[in-house]
Amino acid sequence: MTLLFRIILLAVCLFTYFFLHRSIKKEKMRIEESIFWLILSLLLLLFAIFPWVPDSLARLLGIYSTANFLFLFVIFILLLRLFYVNAALGKLEERVKTLVQNEA
């Protein structure tokens, strides 16, 4: 992992932290919703500080480049998050449907 990529990763992690802090302070986001983003940011921060971890994981999985591994990792995590949000949305839609039917 190049030094420039590590610096960019550190900058993005710090930006994410400050953005989350500001959003929570202005009550635009609940703490429960921001935990996922904080954990993801901390994980990427650890990858930037200890570049041998993603390098080793990339080699272990047979991925040519560490940057490719990081992009694949983030895409996979975001897909899991999207699945979780869609499942929660489906439950909420069902609850709204049941509530409307009970009120009618």
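## Pockets and salt bridges around helix H2

Ser-41 sits in helix H2, which spans residues 31-49. The model is predicted. With a relative accessible area of 9%, Ser-41 falls under the 20% limit and is therefore buried. Apart from neighbours within four places in sequence, Ser-41 is in contact with Cys-13 and Thr-16.

H2 also takes part in the lining of two pockets. The table gives the volume and the class make-up of the lining for each.

| Pocket | Volume | Lining by class |
|---|---|---|
| Largest | about 260 Å³ | 11 nonpolar, 2 polar, no charged residues |
| Second largest | about 180 Å³ | 2 nonpolar, no polar, 4 charged residues |

The largest pocket has a lining of 13 residues. Those nearest its centre are Leu-9, Val-12, Leu-40, Leu-44 and Val-74. At least two lining residues of the largest pocket come from each of helix H1 (3-25), H2 and helix H4 (66-103). The helix that gives the most to this lining is H1, with 5 residues. No charged residue is found in the lining of the largest pocket.

Around the second largest pocket, the lining consists of Arg-30, Glu-32, Glu-33, Arg-81, Tyr-84 and Val-85. H2 and H4 each contribute at least two of these residues, and H4 gives the most, with 3 residues. Charged residues number 4 in this lining, and polar ones are absent.

Which residues form a salt bridge with Arg-30? One partner is Glu-32, where the closest N and O atoms are 3.9 Å apart. The other is Glu-33, with the closest N and O atoms 3.5 Å apart. Each pair counts as a salt bridge because its separation is within the 4 Å cut-off between a side-chain nitrogen of Arg and a carboxyl oxygen of Glu. In general, side chains of opposite charge can pair when their charged atoms come close. Over the whole structure, the search finds 2 salt bridges.

Arg-30 and Glu-32 are both exposed. Glu-33 has a relative accessible area of 33%, which lies between the 20% and 50% limits, so Glu-33 is classed as partly exposed. Through shared partners, the salt bridges join Arg-30, Glu-32 and Glu-33 into one network. Arg-30, Glu-32 and Glu-33 also belong to the lining of the second largest pocket.

Note on methods. Residues numbered from 1 in each chain as written. Predicted model: local features only at pLDDT ≥ 70, side-chain atom pairs only at ≥ 80, totals over all residues. Heavy atoms only, no water. Helix = DSSP H or I, 4+ residues; strand = E, 2+ residues; numbered from the N terminus. Buried < 20%, exposed > 50% of the residue type's maximum accessible area, 1.4 Å probe, protein only. Contact = heavy atoms within 4.5 Å. 1 Å grid on protein atoms, 1.4 Å probe; cavity = no way out; pocket = protein on both sides within 12 Å on 5 of 7 lines; lining within 4 Å. Points joined across faces, edges and corners; volume = space filled by probe spheres on them. Nonpolar A, V, L, I, M, F, W, Y, C, P; charged D, E, K, R; others polar.
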